[in-house]
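User: Please take a close look at a single part of this model and walk me through it in connected prose, adding whatever surroundings help to place it.

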Amino acid sequence: MRKPIHLTFPPPTLEEFEKHYRISKARKKELLAMVEEFKATLSNQDETPVDLIEPEKRRKSASAA
Amino acid sequence: MPPLPDPNSVFLNVPYDEEFRSLYIAYIVGLCQLGFVPHLASEIPGGDRRLNKIIKLIQSCRYSIHDLSRIELSTTPSAVPRFNMPLELGMTITWANLHPSRHTWFVWESEPYRLLRSASDLNGTDPYIHNGTPEGILRELCNAFGRGFMPSVPKMLENYQWVNHFLEAMLYKHGTRNPYDRSVFMELCYISKLLADLTRLSGPAS
């Protein structure tokens, strides 16, 4: 059985990560806003878009109702 | 001699076709979840000889993943085999053999044992088999790499679904239908990283 490569160094911070890609500040703000919206949706599961709910979860919630 | 590679950078050698789209996104999401910085040949701007820039990009990455699961002929009328991926794998193997401490490469396939027929010279190389599914990609990434913080595959799959959801807005913004487009690739990486950090902050793997 092959073993995974164990990484001992830390993952990059967002600032380090950003240096690899050219994205404008304005666009980064827009993308961040999309993720903020995602966070808000997570905190209110009822608003999760239907197409993102796995079929199994949907079945379970339907049977619970 | 090129500078030392970034220990978190991974060069992704994948086919740029519509059928591969979901797996491509799974690679980006999975790598970002595991704390990597994905790189793709398409992020290289035009100008000098492209091959030289691809070599430089490979040399700047500590790891590379070469997905050889699409070995079929292209579906265009004058069907031709795709040589870019084996070419980039060959260049990578040469570089890694010259400097083993600087680069580690992996071969990925969707079907077990097929690699023995498609590239028999790679006999002895144990490919990661993803079964052609995003879940398989995420599972095999967790089998290939380990970090202190490891998100669960279902959690990664959840983020994959969200990135897929965001992709349409990115394509629209850049006036393209091509998810491999340089700008779209960079934004996919960025948003995957934001989601990965969010997952990490939200606590242990669920």
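Analyst: Two residues are taken to be in contact when their C-beta atoms, placed from the backbone, lie within 7 Å. The model is a predicted one, and the part chosen here is helix 1 of chain B, which covers residues 21-33.

The length of this helix can be checked first. At 1.5 Å a residue, the 13 residues of helix 1 of chain B should span 18 Å, and its end C-alpha atoms are 18 Å apart, which agrees. As for its surroundings, 11 of the 13 residues of helix 1 of chain B are buried, so the helix is largely enclosed by the rest of the structure. The buried residues are L23(B), Y24(B), I25(B), A26(B), Y27(B), I28(B), V29(B), G30(B), L31(B), C32(B) and Q33(B). After the helix comes G35(B), with a positive phi near 85°.

One partner of this helix is helix 6 of chain B, residues 153-173, and the two pack at an angle of about 125° with their axes 9 Å apart. Because of that angle, helix 1 of chain B is oblique to helix 6 of chain B. The crossing of helix 1 of chain B past helix 6 of chain B is right-handed. On the side of helix 1 of chain B the contact is made by I25(B), A26(B), V29(B), G30(B) and Q33(B), while helix 6 of chain B brings M156(B), N159(B), Y160(B), V163(B), N164(B) and L167(B). Sorted by class, this contact has seven nonpolar, four polar and no charged residues. In general, an α-helix has 3.6 residues a turn, so residues three or four places apart point the same way.

Another element to consider beside helix 1 of chain B is strand 2 of chain B, residues 37-40, in which P38(B) is found. P38(B) counts as buried because 27 other C-beta atoms lie within 10 Å, the cut-off for that class being 20 or more. Leaving aside residues up to four places away in sequence, P38(B) touches V10(B), L12(B), Y27(B), I28(B), L31(B), C32(B) and C189(B). Of these, Y27(B), I28(B), L31(B) and C32(B) are also among the buried residues of helix 1 of chain B. The C-alpha atoms of P38(B) and N8(B) are separated by 8.4 Å, although the two residues are 30 residues apart along the chain.

Helix 5 of chain B also meets this part of the structure. Its buried residues are P134(B), I137(B), L138(B), R139(B), E140(B) and L141(B), and they pack against helix 1, strand 4 (104-109), strand 5 (128-129), strand 6 and helix 6 of chain B. In the loop between strand 5 and helix 5 of chain B lies N131(B), a residue other than glycine whose phi is positive, near 60°. N131(B) counts as partly exposed because it has 14 C-beta neighbours inside 10 Å. A comparable case is Y113(B), in the loop between strand 4 and helix 4 (115-118) of chain B; Y113(B) is likewise a residue other than glycine with a positive phi, near 70°. Y113(B) is exposed, with 9 other C-beta atoms within 10 Å. As background to both, most residues other than glycine have a negative phi.

Some of these elements also belong to the side of chain B that touches chain A, where 26 residues of chain B are in contact with 23 residues of chain A. Strand 1 (6-13), helix 5 (134-144), strand 6 (145-146), helix 6 and helix 7 (182-201) of chain B each supply at least two residues of that side. Helix 7 of chain B gives the most, with 10 residues. By class, the side of chain B that touches chain A has 14 nonpolar, seven polar and five charged residues.

Chain A itself has three helices and one strand, and from the N terminus on its elements run β-α-α-α. Of its 65 residues, 9% count as buried. L14(A), placed in helix 1 of chain A, residues 14-18, shows the contact between the chains at a single residue: not counting residues up to four places away in sequence, L14(A) touches K193(B) and D197(B). L14(A) is partly exposed, with 13 other C-beta atoms within 10 Å. The C-alpha atoms of L14(A) and S24(A), which are 10 residues apart along the chain, are separated by 15 Å.

Notes: Residues numbered from 1 in each chain as written. Chains lettered and ligands numbered in written order. Predicted model: local features only at pLDDT ≥ 70, side-chain atom pairs only at ≥ 80, totals over all residues. Helix = DSSP H or I, 4+ residues; strand = E, 2+ residues; numbered from the N terminus. Expected span 1.5 Å × (residues − 1). Buried ≥ 20, exposed ≤ 12 C-beta atoms within 10 Å, placed from the backbone. Axes fitted to C-alpha atoms, helices over the stretch in contact; angles between N-to-C directions. Parallel < 35°, antiparallel > 145°, perpendicular 65-115°, else oblique. Left-handed = near helix turned anticlockwise from the far one by under 90°. Nonpolar A, V, L, I, M, F, W, Y, C, P; charged D, E, K, R; others polar.
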